[in-house]
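User: Could you walk me through how the ligand is held in this model? I would like to take it one question at a time.

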Amino acid sequence: MTKWPQPLLAAFRSAEHIVALTGAGISAESGIPTFRDAQTGLWAKFRPEELATPEAFARNPGRVWAWYTWRRSLIEQAKPNPAHKALAAMERLAPKFTLLTQNIDGLHQMAGSQQVIELHGNIRRTICAENRHAVEKWEPVPEGEAPRCPICGSPLRPDVVWFGEALPADAPEAAYAASRNADVMLVVGTSAMMQPTAMLPVLAAEHGAYLVEINPQETALTEFMDAVLKGPAGKILPELVRAVWGEEIRDA
Ligand code: APR
């Protein structure tokens with residue numbers, strides 16, 4: 001991006017508090033399929049909406065466990081891309097920075113972000129279905145079954161938010177507070193289909209935030225934006241950090 005809108009540069013340079021809201025698109029360039037990408041291979045015949053639900057897990061815990069084991073294997077091979085690294089740099093460079101993510105891959109933390117609110121949990125953490133006991137090691141089980149909690153014996157599941165489940169206890173309040181207090185909100189790589197996430201940028205704008213969207217496509221939020229930067233986050237975010245703060249992002 002060569003020609004930056006002056007109001008955008010001014011908004012970032014004068015911002016006390018920058019809030020970034022990210023979705024699956026920011027991890028696309030790390031090789032992790034987004035939700036709206038078609039499922040590939042073994043899982044092509046399923047949609048996430050059919051597997052990432054408490055009902056699917058109650059009906060067939062082994063199948064849901066196997067799907068998450070496959071997704072975790074993809075994620076464990078993935079590395080943070082320049083977009084993740086640019087947001088980690090922004091946290092260091094801005095007076096105050098909060099990162100709200102719908103992603104469960106933990107790549108923001110791997111890139112060095114610390115102020116991360118995981119709205120949908122984290123696939124790298126495993127809990128049990130009955131009592132949410134945190135479990136790090138479990139007895140292997142035959143293919144098609146879900147392992148059991150060593151404490152209470154209930155089936156294990158990933159510590160993520162399924163369709164129809166409540167967000168983690170303190171996440172919504174923290175996300176609302178950050179959005180109300182934002183001077184700039186950067187919305188990166190989300191189709192903005194899920195609530196309450198999709199209303200956070202509108203809440204931020206109601207409290208005077210300058211809204212910026214980074215996405216190759218238009219979304220339901222595009223019309224609310226003060227600036228729309230169309231393209232891949234892995235290219236645009238490092239350019240934005242260079243334009244505002246003069247800092248180079250490695251591997252960009
Ligand atoms: N850079 C930026 N954005 C990208 C890129 C990229 N390289 N590639 C794709 N995108 C955009 C797509 O255009 C789309 O708008 O990322 C967005 C991905 O949208 P979804 O797949 O719907 O993912 P997300 O918005 O995170 O989904 C939100 O819905 O499925 C549930 O709980 C699940 O957290 C998920 C939530």
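Analyst: Happy to! Keep in mind that this is a predicted model. The shell around the ligand divides into 8 nonpolar, 10 polar and 2 charged residues.

User: Thanks! Which residues are closest to the ligand?

Analyst: Here a residue counts as near if one of its heavy atoms lies within 4 Å of the ligand. By that cut-off, 20 residues surround the ligand. The closest are Ala-24, Arg-36, Thr-190, Ser-191 and Asn-215.

User: How far is an oxygen atom of the ligand from an N or O atom in the side chain of Ser-191?

Analyst: Let's go through some contacts to oxygen atoms of the ligand. A polar backbone atom of Ala-24 is 2.8 Å from one ligand oxygen, and a side-chain N or O atom of Thr-190 is 2.7 Å from a ligand oxygen. For the side chain of Ser-191, the distance is 2.6 Å.

User: How much of the ligand's accessible area does the protein cover?

Analyst: The ligand sits in the largest pocket. On its own, the ligand has 730 Å² of accessible area, and the protein covers 90%.

User: Why does the ligand lie between the two domains?

Analyst: The chain is divided into domain 1 (1-31 + 79-120 + 167-252) and domain 2 (33-77 + 123-160). Their centres, taken over C-alpha atoms, are 28 Å apart, and 14 residues of domain 1 are in contact with 13 residues of domain 2. The ligand lies between them because its shell takes residues from both domain 1 and domain 2.

Technical notes:
Residues are numbered from 1 along each chain as its sequence is written. This is a predicted model: local features need pLDDT of at least 70, side-chain atom pairs count only at pLDDT 80 or more; totals for chains, interfaces and linings use all residues. Side-chain values use heavy atoms; hydrogens and water are left out. A polar contact is a pair of N or O atoms within 3.5 Å; within protein, one must be able to donate a hydrogen and the other to accept it, and residues adjacent in sequence count only if both atoms are side-chain atoms. Accessible areas come from the Shrake-Rupley method with a 1.4 Å probe; for residues, only the protein chains shown count as cover. On a 1 Å grid over the protein atoms alone, a cavity is a set of points where a 1.4 Å probe fits but cannot get out, and a pocket is an open set with protein on both sides within 12 Å along at least five of seven lines; lining residues have an atom within 4 Å of a point. A molecule sits in a cavity or pocket if more than half of its atoms lie within 2 Å of its grid points. Ala, Val, Leu, Ile, Met, Phe, Trp, Tyr, Cys and Pro count as nonpolar, Asp, Glu, Lys and Arg as charged, and the others, Gly among them, as polar. Domain bounds come from an automatic or database domain assignment. Contact means heavy atoms within 4.5 Å.
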